[in-house]
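Hello,

Here is the structure I promised to pass on, with my notes underneath. Have a look at it first, then read on whenever you have a moment.

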Amino acid sequence: MSETLGIAVDEQRLAERATRGDAQAFAELVSRYQNAVYRLCLRYGANEAQDLAQETFMRAFVHRERFDATRPILPWLLTIARRLCIDRIRKHKPVLSDDDRPLDPADERPDAESALATREQLGQLKQAHSKLADGPREAIALYHWEGLSYDEIATIMRVPIGTVMTWLHRGRAQLRKALEEAQVPVAKGTTP
Amino acid sequence: MSHIDEQRLMELALAVPPSDHETTHLASCPSCAQALAAEQGLTEWLATVPQPLAPADFLARVTNAYVFALGRQSYRAPLLAFGGIAAMLLPLALLALSAWTNTVASLSSWVVALRALGEVTLSLMRTVGSPSSPGATLIAVQVALLLGALGVLARLMWMTAPTTQEATR
Ligand SMILES: [Zn+2]
């Protein structure tokens, strides 16, 4: 608990320094959250995920007076990123969807566990995830991959917490079904 | 005894501790135990999915954009203040001049002055409304200065006109 509080205070200090023009503090914040922001942009099928992620950080800086310093930064950044992605999708249809995007080993985390996992099975899970509707897909990604709470996800997605729970449940049921259909064993202790 | 519902099984798989009643039920109900194991399995699977990372040059790119934005902001604020004050002082100076040189200022000179003042205010308001555009700030300040200068010029021409007429008489 005190560790979480420590991170929040540290984050708040960094944010204050960044808004006063401290490039080092800004770079520290970007390096902490760039992956989560970039991934969200990718999930929305945005062809220009990198541009949108960059715009997210710049918007956050320009509209820094709107940031509530008592709350964590990541949900605020992801709220901005999501809005940008949705606006962009409305303007132009994405050229490359998540379904088409190949799994590039060069841009993935070199994790010992995932190195052992069969690529095919993980690819099936990832593909099934990318085919979910926006709500369940984001609820799963933000909860399982970005480590956000139901409350934070509800803020980002602008829905009640109950909807986040329903999305998580529905999305997970669809993923389980997809894995079962692909004959991937889905019981505790069966991960590669 | 009723089974544990699916959403609750998901919560248990997401590390919510089961109640005593649920623990007892799970120990005696193979169906619920199996469903929970499937939920827990999915959680483990999701944890192993590799995640893409932002490109290597992303941090440098964003930091450069930030430094650039900072540079624009640092010259914009004093420019806006200086330009705004200067532009507003010009029509005010005209009004003062008008009051000092004439017992009664003509209506047209007051109209010119007030109009210039209004234009200045509007331009500055528009500029403040678009803080991300330093170009707009420059244009607004220049327009305001021009209007102020035109106001002064018009007033001076009006002042010199009767003198010329008197000389020709
Ligand atoms: Zn049962």
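B:G118 is partly exposed, with a relative accessible area of 32%; here buried means under 20% relative accessible area, exposed over 50%, and partly exposed in between, using a 1.4 Å probe and protein chains only. This glycine, B:G118, sits in helix α5 (residues 107-128) of chain B. Helices are DSSP runs of H or I with at least four residues, strands are runs of E with at least two, and both are numbered from the N terminus. From B:G118 to B:L147 the C-alpha to C-alpha distance is 10.0 Å, with their positions 29 residues apart in sequence.

Before going further, a word on conventions: this is a predicted model, in which local features need pLDDT of at least 70 and side-chain atom pairs count only at pLDDT 80 or more, while totals for chains, interfaces and linings use all residues. Residues are numbered from 1 along each chain as its sequence is written, chains are lettered from A and ligands numbered from 1 in the order in which they are written, and side-chain values use heavy atoms, with hydrogens and water left out.

Now the two chains. Chain B has six helices and zero strands, giving the pattern α-α-α-α-α-α along the sequence. Of its 169 residues, 35% count as buried. A contact means heavy atoms within 4.5 Å, and of the contacts in chain B with a separation of 6 or more, 65% are between residues 24 or more positions apart. Chain A has nine helices and zero strands, and 45% of its 192 residues are buried. For chain A, 62% of the contacts between residues at least 6 apart in sequence join residues at least 24 apart.

The zinc site is worth a visit. Which residues hold the zinc ion? Its protein donors are B:H3 (ND1), B:H25 (NE2), B:C29 (SG) and B:C32 (SG), at 2.0 to 2.2 Å from the ion. Donors are N, O and S atoms within 2.8 Å of the metal (3.2 Å for Na, K and Ca), and water is not among the atoms, so sites may look incomplete. Along the chain, the zinc donors are spaced as H-x21-H-x3-C-x2-C. B:H3 belongs to the segment before α1 (6-13) of chain B and B:C32 to helix α3 (residues 30-48) of chain B, so this pair ties together parts that are 29 residues apart in sequence. The arrangement is tetrahedral because the four donor atoms subtend angles of 97 to 129° around the zinc ion. Four donors count as tetrahedral if all angles lie between 85 and 135 degrees; four count as square planar and six as octahedral if opposite donors are over 155 degrees apart and all others between 65 and 115, and anything else is irregular. Two of the zinc donors contrast in accessibility: B:H3 counts as exposed at 51%, whereas B:C32 counts as buried at 3%.

On to the interface. The size of an interface is often given as the accessible area lost when the parts come together. Chain B and chain A bury about 4600 Å² between them, 66% of it on carbon and sulfur atoms; buried area is the accessible area (1.4 Å probe) that two parts lose on being put together, summed over both. On the chain B side, B:W45, B:Q51 and B:Y66 lose the most area to chain A, together 19% of what that side buries. The contact involves 36 residues of chain B and 52 residues of chain A.

Three salt bridges are counted between chain B and chain A, a salt bridge being a side-chain nitrogen of Lys or Arg within 4 Å of a carboxyl oxygen of Asp or Glu. B:E39 forms a salt bridge with A:R172, with 2.6 Å between the closest N and O atoms. On the side of chain B that touches chain A, the elements giving two or more residues are α1, α3 and α4 (58-101) of chain B. In helix α1 of chain B you will find B:E11, which counts as buried at 18% relative accessibility. Leaving out residues up to four places away in sequence, B:E11 touches A:M165 and B:V16.

Finally, some backbone angles in chain A. A:R158 is not a glycine, yet its phi is positive, near 55°. A:R158 lies in the loop between α8 (150-157) and α9 (161-181) of chain A and counts as exposed at 60% relative accessibility. A:Q183 also has a positive phi, of about 55°, without being a glycine. A:Q183 is in the segment after α9 of chain A and is exposed, with a relative accessible area of 72%.

Happy exploring, and best wishes!
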